[in-house]
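Q: Could you take a close look at one part of this structure for me, and then walk me through whatever else helps me read it?

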Amino acid sequence: MKPTIPVSAPACDTPDPGLLTVVQAQTHIQQFITPVEATTNLNIRDALGRVLASDITAPINVPSYANSAMDGYAVRSADLSNQQPIEFNLIGTSWAGKPFTGTVASKQCVRIMTGAKIPAGADTVIMQEQVQVQDHLVRIGAGHQTGQNVRLPGDDIRQGSALLTRGKKLGPAELGLLASQGIAQVAVYRRVRVAFFSTGDELTPVGEALRDGQIYDSNRYTLTGMLTQAGAELIDLGVIADQPAAIEQAMHSAAAQADVVITTGGVSVGDADFVKAVLEKLGKINFWRIAMKPGKPLALGKIANAAFFGLPGNPVSVMATFYEFVLPALRVMGGEASRAPLLLHAISKSRLKKSPGRTDFQRGVLSSENGKLYVDASGMQASHILSGMSRANCFIILPQDSGNVEAGAEVEVQPFADFV
Ligand code: AMP
Ligand code: MG
């Protein structure tokens, strides 16, 4: 009789059960982050990109008075006829900012400009193109409607209604909205402080000559850009050599002055060991292998009171892991409500190579042709090809279990616009 060989159940969702899915990692990250609580009052002019720390109720109606949507003539609608033209006496003008102060009586009209107050008595504006004027007589044809071309008080914003809610990131529209309400200052959360450094004996800072076997440190610049767009306060701690003592010192200093510490490099299996030892001594750190490409290794946890993200070293991996893991965390820490990623469907113009097992974040160029979205791969898909990131305008997100994608197939994309 043949011995029975025990067969273990196949791994649930990945060929390598040691890998964490992207969604699992994103979920775990929530437990390491605490939103900042401190707030500051800013003039609205200085508040672009900041996050509101309180709800704002509209103090006034906008528009605050009934005004004209057109250049024309203000009349009483009761005087208009559905059958024949009617003649009105022109009794004055209402300018934007210089209202007509009298009252419009029967068969009278007032010349009115866009944005000017509707005079007392009037309720309707006839466009100037639709009337005939002779001296002080204005002839208005049939078929106009009561209230036409009049913007009513509170049409846009009603006094006492919710204008903006806590957690809203202030963009150009919000600055204008606040100004339209006469609100000069708002309470916003303080920026999230992020300290970051690069690790690697091969790294040369920009401005110095490159020696044999060295590369320039590009990650700190990519991070500078991404963190600035994320609205963070930056603490750049430079390049730290692959030496445990130096790394430990930098970690201490970073955690003491920031809410978040980000490092790049030194978390992959090859050279991670002493970095790992340093981190284990300093805090509660998880060393993850994430089922994503690029960006498999990721360290995450806490050092003192700071959240810690140990990103991979390869430049494209840094950007992908930042956008997918760090940015959502920074948004929540900064007081923003968490938001679902902007995922679109596009038709792949090219064949995309992929092996099952990890979620791919391939770099793509999204375009629209005749109202349809298409995406093309942005050249070589390796984690050191930073130029591909520059050519791309989206990630093509290929699900963990999928294999190659044929040209013409529909794929999911996340535009880089979702990251700003
Ligand atoms: P590591 O995870 O430290 O093994 O780094 C992985 C790859 O990324 C190596 O080829 C490194 O040289 C490269 N790398 C690490 N840090 C940087 C950096 N700051 N700028 C550019 N490339 C980097
Ligand atoms: Mg390294």
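A: Let's start with Pro294, which sits in the loop between strand 19 (292–293) and strand 20 (297–303). This is a predicted model, so everything here is computed. The bond leading into that proline deserves a look: Lys293 and Pro294 are joined by a cis peptide bond, with omega at about 0°.

Stay with strand 20 for a moment. Ala304 is found in the loop between strand 20 and strand 21 (306–311). Its phi is near 50°, a positive value in a residue other than glycine. Ala304 has a relative accessible area of 58%, so it counts as exposed.

Asp135 makes a nice companion to that. You'll find Asp135 in the loop between strand 8 (131–134) and strand 9 (137–140). Here too phi is near 50°, and again the residue is not a glycine. With a relative accessible area of 70%, Asp135 is exposed.

Now back to cis bonds. Another one joins Val62 and Pro63, where omega is about -5°. Pro63 belongs to the loop between strand 2 (56–57) and strand 3 (67–68).

Val62 also leads us to Gln181, because Val62 is one of the residues that Gln181 touches if you skip those up to four places away in sequence, and contact here means heavy atoms within 4.5 Å. The others are Ala58, Pro59, Ile60, Ile157 and Leu163. Gln181 itself lies in the loop between helix 2 (172–180) and strand 12 (185–189). Its relative accessibility is 3%, so Gln181 counts as buried. Look at where its side chain goes, too: it reaches the backbone nitrogen of Ile60 at 3.2 Å.

Ser350 is another loop residue to find, this time between strand 22 (344–348) and strand 23 (359–369). Its relative accessibility is 18%, and because the cut-off for buried is under 20%, Ser350 counts as buried. The side chain of Ser350 makes a polar contact with the side chain of Asp376, at 2.8 Å. Leaving out residues up to four places away in sequence, Ser350 touches Asp376 along with Val375, Ala377, Val405, Glu406 and Ala407.

Time for some helices. Two packed helices are described by the angle between their axes and the distance between the axes. Take helix 3 (residues 219–229) and helix 6 (residues 315–333): they pack at an angle of about 30°, with their axes 11 Å apart. Angles under 35 degrees count as roughly parallel, so that is what we call helix 3 and helix 6. Their crossing is right-handed. On the helix 3 side, the contact is made by Asn219, Thr222, Leu223, Met226 and Leu227, while helix 6 brings Pro315, Val318, Met319, Phe322, Tyr323 and Leu330. Sorted by class, the residues of this contact are nine nonpolar, two polar and no charged.

Helix 6 packs with helix 1 (residues 22–29) as well, at an angle of about 25° and with the axes 10 Å apart. Helix 1 and helix 6 are therefore roughly parallel to each other, and helix 1 passes helix 6 in a right-handed crossing. Val22, Ala25, Gln26 and Ile29 of helix 1 meet Glu324, Phe325 and Ala329 of helix 6. This contact has five nonpolar, one polar and one charged residues.

Key:
Residues are numbered from 1 along each chain as its sequence is written. Chains are lettered from A and ligands numbered from 1 in the order in which they are written. This is a predicted model: local features need pLDDT of at least 70, side-chain atom pairs count only at pLDDT 80 or more; totals for chains, interfaces and linings use all residues. Side-chain values use heavy atoms; hydrogens and water are left out. Helices (H or I, at least four residues) and strands (E, at least two) are DSSP runs, numbered from the N terminus. Buried means under 20% relative accessible area, exposed over 50%, partly exposed in between (1.4 Å probe, protein chains only). A polar contact is a pair of N or O atoms within 3.5 Å; within protein, one must be able to donate a hydrogen and the other to accept it, and residues adjacent in sequence count only if both atoms are side-chain atoms. Axes are lines fitted to C-alpha atoms, for helices over the stretch in contact, and angles run from 0 to 180 degrees between N-to-C directions. Angles under 35 degrees count as roughly parallel, over 145 as roughly antiparallel, 65 to 115 as roughly perpendicular and the rest as oblique. A crossing is left-handed if the near helix is turned anticlockwise from the far one by less than a right angle, and right-handed if clockwise. Ala, Val, Leu, Ile, Met, Phe, Trp, Tyr, Cys and Pro count as nonpolar, Asp, Glu, Lys and Arg as charged, and the others, Gly among them, as polar.
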